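Hi,

Here is the structure I promised to pass on. Have a look, and my notes on the strands, the sheets and the core follow underneath.

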Amino acid sequence: MNIKPVSMVAVLAVAASLSACSSSNPPGNGKSKAPPGNGTTATVASPSSSAPVPAHSSSSAPVPAQTGGPSDTLVVNSADKQATVYVVAGKGGGLNFDGDQNGKLTVTVPAGWQITVECHDGASIPHSCAIVSGGDSTTPAFPGAETLQPFSGIAPGQTEAFAFTATTVGTYRLVCLVPGHESAGMWGTFIVSASASAPTITS
Ligand SMILES: [Cu+2]
């Protein structure tokens with residue numbers, strides 16, 4: 001007789017473990033509040049409110065990239081001090097970021113914010129994105145502030161994302177580290193500001 005409520009609990013537990021994405025959850029932790037015989041699983045979605053972690057919780061894996069937003073685009077989450085910068089490397093096929101060369105593209109972020117850069121290769125040759133301290137530097141200014149293989153680059157048409165915390169005030173470069181590209185003008189300006197209240201992007 002009671003088979004139906006028990007199976008519903010099982011379904012709910014599976015659905016919860018799938019949506020919560022935390023494999024440490026012990027199965028079958030007796031959801032006694034499951035309504036008997038009323039077969040609706042829609043209420044299971046509510047646990048997500050306690051887990052606001054977005055897509056990027058990885059430590060070694062690259063941040064999941066979207067399909068590459070338009071150039072000169074920022075998505076700002078002021079409440080959480082997070083911003084995503086969409087950058088097109090090699091827009092129109094040239095050695096540029098978002099069509100700009102030699103520092104013209106300027107991204108400013110407040111110090112302490114977590115920044116995600118989505119680097120889209122818009123050209124027919126490989127490019128990369130990295131935040132470095134100055135001209136000819138090939139070391140990321142912040143841990144993780146570069147695409148995975150910055151010297152060989154991202155394949156044409158692909159998008160790769162990375163995230164870092166802009167901990168130190170200063171003026172940096174957004175560069176392509178594929179050899180020869182920065183010196184040919186493929187760099188922008190990346191400013192970590194003590195006074196800015198929100199990120200901006202100008203070109
Ligand atoms: Cu390049």
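**What I found**

Let's begin with a hairpin: strand β1 (residues 73-77) pairs with strand β2 (residues 82-89) in the antiparallel sense, over five bridges. Before going on, note that this is a predicted model, where local features need pLDDT of at least 70, side-chain atom pairs count only at pLDDT 80 or more, and totals for chains, interfaces and linings use all residues. Numbering starts from 1 along each chain as its sequence is written.

On terms, two strands pair if DSSP finds at least two bridges between them. Helices (H or I, at least four residues) and strands (E, at least two) are DSSP runs, numbered from the N terminus.

Back to the hairpin. V76 has A83 as its bridge partner in β2, and N77 stands opposite Q82 of β2. Four residues lie between the two strands, and K81 takes a positive phi there, near 55 degrees.

**Overall make-up**

The protein has one helix and nine strands, and the order from the N terminus is α-β-β-β-β-β-β-β-β-β. Of its 203 residues, 32% are buried (20 or more other C-beta atoms within 10 Å of the residue's own, with C-beta atoms placed from the backbone). For contacts (C-beta atoms, placed from the backbone, within 7 Å) with a separation of 6 or more, 70% are between residues 24 or more positions apart.

**The two sheets**

The hairpin strands belong to an open sheet of four strands, in the order β1-β2-β4-β6 and with mixed pairing. β1 and β6 are at its edges with a single partner strand each, so one side of each has no neighbour in the sheet. From one strand to the next, the twist averages 15 degrees (axes are lines fitted to C-alpha atoms, and angles run from 0 to 180 degrees between N-to-C directions).

There is also an open sheet of five strands, ordered β5-β7-β8-β3-β9, again with mixed pairing. Here β5 (130-132) and β9 are the edge strands; each has a single partner strand, so one side of each is left without a neighbour in the sheet. The twist in this sheet averages 25 degrees from one strand to the next.

Which way do β3 and β8 run relative to each other, parallel or antiparallel? Strand β3 (residues 106-110) and strand β8 (residues 187-193) run parallel, joined by five bridges. In β8, V107 has F190 as its bridge partner, and P110 has S193. With strand β9 (residues 200-202), β3 pairs in the antiparallel sense over three bridges, including the one that links T106 to T202.

**The core**

The largest nonpolar core (buried Ala, Val, Leu, Ile, Met, Phe, Trp, Tyr and Cys residues joined through C-beta atoms within 7 Å) has 35 residues. Those with the most contacts inside it are V87, V117, C129, I131, L174 and V175. At least two core residues come from each of β2, β3, β4 (114-121), β5, β6 (159-165), β7 (170-175) and β8. β2 gives the most, with six residues.

I131 is a good one to click on. Leaving aside neighbours within four places in sequence, I131 is in contact with P140, A141, F142, A145, Y172, L174 and F190.

Cheers

Note on methods:
Buried ≥ 20, exposed ≤ 12 C-beta atoms within 10 Å, placed from the backbone. Contact = placed C-beta atoms within 7 Å.
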